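Hi everyone, thanks for coming. I'd like to walk you through one model today, so let me bring it up on the screen.

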Amino acid sequence: MNSSNKIIPITYRKYYIQGSAKVIFLTVVATLAFIAGAVVLGKKELKAFLLAESTPGIIVSETPKYLALEKFVISVESDTVIYYMMLEISLATSSDKKLAELNHYLPVIRNAFVKNLSHRDFEAMRGYLKNLTLLQTELHSSVKEVLVKYDIADVIDDVLITKLVIQ
């Protein structure tokens, strides 16, 4: 056989990433995958995904938005004297869209509160001073009933009484 016709095996060299280079490589790949996921999922979905993974059983929601109403001054009658009640209320909602709706219907909301509160006498209001939660619940229910007419009954998540003074 002729020496020029020898079969020479071809070997391929395999390169492996080892040591700190491997750690850096995997970190870069994981970071790129995370960024790609963020772009695909979007900010809200990514936040929900990350929080759902780390804290199972907790529902992710937007932070509440608050609308502070101008103070209410309402006369409160008793058998002998007319008292005045000053009340400050804030409304809680869950989104900017709902907050905009609240602002739009503010005259209707304020009117509902004034109507509700003007029917109460001094003794009833003194009772509420010991249980503001009951008053908040009643105000929330009454304003919800009024907003049903405008198909936005679910806009207000909570009614917060931030100040109450009777003189």
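Let's start at a loop. Asp79 sits in the stretch that links β2, residues 72–77, to β3, residues 82–93. One word of caution before I go on: this is a predicted model.

Is Asp79 buried or exposed? Its relative accessibility is 83%, and the cut-off for exposed is over 50%, so Asp79 counts as exposed. Asp79 also has company on the surface: together with Glu77, Asp121 and Glu123, it forms a patch of negative charge.

Now let's look at the strands on either side of that loop. β2 and β3 are connected by a hairpin of four residues. The two strands run antiparallel, with six bridges between them. If you'd like one pair to find on screen, look for Val73, which faces Met86 in β3.

Let's stay with β3 and see what else it pairs with. Which strand does β3 meet over four bridges? That is β1, residues 65–68, and the pairing is antiparallel. Here you can pick out Tyr66, whose bridge partner in β3 is Ala92.

Then there is β4, which covers residues 158–166. How many bridges join β3 to β4? There are eight, and these strands are antiparallel as well. A handy pair to click on is Ser90, with Leu160 opposite it in β4.

So, to recap: β3 pairs with β1, with β2 and with β4, and the loop between β2 and β3 carries Asp79, a member of the negative patch. Thanks, and I'm happy to rotate the view for anyone who'd like another look.

Methods. Residues numbered from 1 in each chain as written. Predicted model: local features only at pLDDT ≥ 70, side-chain atom pairs only at ≥ 80, totals over all residues. Heavy atoms only, no water. Patch = residues over 30% accessible without salt bridge, like charges linked within 9 Å, V, L, I, M, F, W, Y side chains within 5 Å. Areas by Shrake-Rupley, 256 points an atom, 1.4 Å probe, with all protein chains shown as cover. Salt bridge = Lys/Arg side-chain N within 4 Å of Asp/Glu carboxyl O. Lys, Arg positive; Asp, Glu negative; His and termini not counted. Charge placed at Lys NZ, Arg CZ, Asp CG, Glu CD. Buried < 20%, exposed > 50% of the residue type's maximum accessible area, 1.4 Å probe, protein only. Pairing = 2+ DSSP bridges.
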